[in-house]
Structure formats: C-alpha cells, structure tokens
Amino acid sequence: MSENEVFQWIKDLHKLWMAKCIDNIVELFDANCQYWETPYQQIVGLANIRNQWNEIRNWQDMQVDYEILAIKDNYAIVNFLLRTSQYEQDIINEFKFAGEKCVYLKQWFIQK
C-alpha cells in the first residue's frame, strides 16, 4: 500500500468506528490477521475480531480522535483517544498492511 492508501485505511477505520459499523470494520482485516488486543492477548479469526468489536454497540457518547504518528512502507503507528460515558482510553496501535487489508495489529492502551 502507498502512504496515501494507508492514510485512507486509517481514516476509513475511524469513520466506521464512529458509525459503529462492525461488519465493515471487520472487512478491513485479512482473514489471517495477527490481531493482538493487548501485547499478551491474541484474537484469532475474523469471527473473534468481530466479537471483540461488538462491545462498541454498548458505548454511549463515544468520541474517537486519532493522530497518525508514523507511516513507513506498509506500517503505521496510530494514537487513538477513545472517550465514552463510561471511560477513556489512550490507545497506541501498530498496523501492518498487505494489499488493501490489515494483516497485523498490536494494541497497547491505558484506561483512565
């Protein structure tokens, strides 16, 4: 993917996240994506990734802001700030892409 395509992928993820379009979010990931919810908890398979994203359906007053920290080749590091009526999280995501899909995600977060 080009830098512009990576930028667009991140923008699409953000838009779908805000709209709570879980099925469309899952389509952004490759079927064999190495998806790490935390550095120690791997989520295996698109059905389990979908289950992980299902929790956003319950979030009230959700706001997600992001800042792209780095894009190089097929990699990106993005800082998301998630706010809901229940809590706030500061999230760092490392993404790797192949074709139009994310093939690797590792996430670190602090819940405030």
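# Briefing: core, pocket and cysteines of a predicted model

Of the 30 residues in the largest nonpolar core, those that touch the most other members are W9, W17, F29, W53 and F95; a nonpolar core is a set of buried Ala, Val, Leu, Ile, Met, Phe, Trp, Tyr and Cys residues joined through side-chain atoms within 4.5 Å. The structure is a predicted model, in which local features need pLDDT of at least 70, side-chain atom pairs count only at pLDDT 80 or more, and totals for chains, interfaces and linings use all residues. Residues are numbered from 1 along each chain as its sequence is written, and side-chain values use heavy atoms, with hydrogens and water left out.

**Confidence**

- The mean pLDDT of the chain is 95, and 100% of the residues score at least 70; pLDDT is the predictor's confidence in each residue, from 0 to 100.
- Among the elements of the chain, helix α2 (residues 22-26) has the highest mean pLDDT, 98, and strand β2 (residues 41-43) the lowest, 93. Helices (H or I, at least four residues) and strands (E, at least two) are DSSP runs, numbered from the N terminus.

**Nonpolar core**

- In the largest nonpolar core, W9, W17, F29, W53 and F95 touch the most other members, and at least two residues each are supplied by α1 (3-19), α2, β1 (29-38), α3 (46-53), β4 (75-83), β5 (88-98) and β6 (101-111).
- Helix α1 provides the largest share of this core, six residues.
- Beyond its neighbours within four places in sequence, W17 is in contact (heavy atoms within 4.5 Å) with I25, W53, I56, W59, M62, V64, F80, L82 and I91.
- I10 belongs to helix α1 and counts as buried, at 0% relative accessibility. Buried means under 20% relative accessible area, exposed over 50%, and partly exposed in between (1.4 Å probe, protein chains only).
- Not counting residues up to four places away in sequence, I10 touches Y66, I68, A76 and V78.
- The C-alpha atoms of I10 and F95 are 9.5 Å apart in space, although the two residues are 85 apart in sequence.

**Largest pocket**

- The largest pocket holds about 270 Å³ of space. On a 1 Å grid over the protein atoms alone, a pocket is an open set of points where a 1.4 Å probe fits, with protein on both sides within 12 Å along at least five of seven lines, and lining residues have an atom within 4 Å of a point. Grid points are joined across faces, edges and corners, and the volume is the space filled by probe spheres set on the points.
- The lining consists of 19 residues, of which W17, E37, W59, Q89 and Q107 are the closest to the centre of the pocket.
- At least two lining residues come from each of α1, β1, α3, β5 and β6, and β5 gives the most, with four.

**Cysteines**

- The count of disulfides (pairs of cysteine sulfur atoms within 2.5 Å) comes to zero.
- C33 is not bonded to C102 because its sulfur is 4.3 Å from that of C102, the closest cysteine sulfur, which is too far for a bond.
- C102 is likewise in no disulfide, with the sulfur of C33 as its nearest cysteine sulfur, 4.3 Å away.
- Both cysteines are buried: C33 has a relative accessibility of 5%, and C102 a relative accessible area of 0%.
- C102 is part of strand β6. Leaving aside neighbours within four places in sequence, its contacts are W9, L28, F29, D30, C33, F95, K96 and F97.
- The C-alpha atoms of C102 and Y75 are separated by 9.5 Å, with these positions 27 residues apart along the chain counted as their separation.

**Strand β6: K101**

- K101 lies in strand β6 and is partly exposed, with a relative accessible area of 33%.
- Apart from neighbours within four places in sequence, K101 is in contact with E27, L28, F29, D30 and K96.
- K101 and E88 are 13 residues apart in sequence, and their C-alpha atoms are 28 Å apart in space.

**Positive phi in loops**

- Most residues other than glycine have a negative phi.
- K20, in the loop between α1 and α2, has a positive phi near 60° and counts as partly exposed, at 27% relative accessibility.
- D73, in the loop between β3 (63-72) and β4, has a positive phi near 55° and is exposed, with a relative accessible area of 57%.
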